[in-house]
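Please look over the sequence and the model shown below, and then follow the description through its surface, its overall form and its interior.

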Amino acid sequence: MLADIERMVLRIIANYSAIRHRTPSIAELSTKKGRNREDLLNVLAELAKEGYIS
């Protein structure tokens with residue numbers, strides 16, 4: 001089960017990819033989610049560990 005922040009970041013990535021046909025950068029994710037770079041890297045690492053992203 002994903003934590004709220006993980007679920008939200010995964011949804012941002014999916015929607016961004018569908019609309020703009022590319023994945024968002026860390027800076028873009030930071031702007032959209034309002035988190036710092038380190039927090040986002042931890043969230044992305046957890047998503048990768050669970051197999052949601054590669």
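In this predicted model, the protein chain exposes about 3,900 Å², and carbon and sulfur atoms supply 51% of that area. Charge is carried by 9 positive and 7 negative side chains, and the centres of these two sets lie 8 Å apart.

Turning from the surface to the fold, one finds three helices and zero strands in the protein chain, which gives the pattern α-α-α when read along the sequence. The radius of gyration is 10 Å, close to the 10 Å that the globule rule gives for 54 residues, and the protein chain is therefore as compact as a globular protein of that length. Along the principal axes, the C-alpha trace spans about 25 × 20 × 15 Å.

How much of the protein chain counts as buried? Of its 54 residues, 22% fall into that class, where buried stands for under 20% relative accessible area. Among the contacts with a separation of 6 or more, 45% come from residues that are 24 or more positions apart.

The largest nonpolar core is made up of nine residues, namely Ile5, Val9, Ile12, Ile13, Leu29, Leu40, Val43, Leu44 and Leu47. Helix H1 (4–20) and helix H3 (37–49) are the elements that give two or more residues to this core. Ile13, one of the core residues, is in contact with Pro24, Leu29 and Leu44 once its neighbours within four places in sequence are left aside; of these partners, Leu29 and Leu44 are also listed in the core.

Technical notes:
Residues are numbered from 1 along each chain as its sequence is written. This is a predicted model: local features need pLDDT of at least 70, side-chain atom pairs count only at pLDDT 80 or more; totals for chains, interfaces and linings use all residues. Side-chain values use heavy atoms; hydrogens and water are left out. Helices (H or I, at least four residues) and strands (E, at least two) are DSSP runs, numbered from the N terminus. The radius of gyration is taken over C-alpha atoms; the globule rule is 2.2 Å times the number of residues to the power 0.38. Buried means under 20% relative accessible area, exposed over 50%, partly exposed in between (1.4 Å probe, protein chains only). Contact means heavy atoms within 4.5 Å. Accessible areas come from the Shrake-Rupley method with a 1.4 Å probe; for residues, only the protein chains shown count as cover. Lys and Arg count as positive and Asp and Glu as negative; His and the chain ends are not counted. The place of a charge is taken as NZ of Lys, CZ of Arg, CG of Asp or CD of Glu. A nonpolar core is a set of buried Ala, Val, Leu, Ile, Met, Phe, Trp, Tyr and Cys residues joined through side-chain atoms within 4.5 Å.
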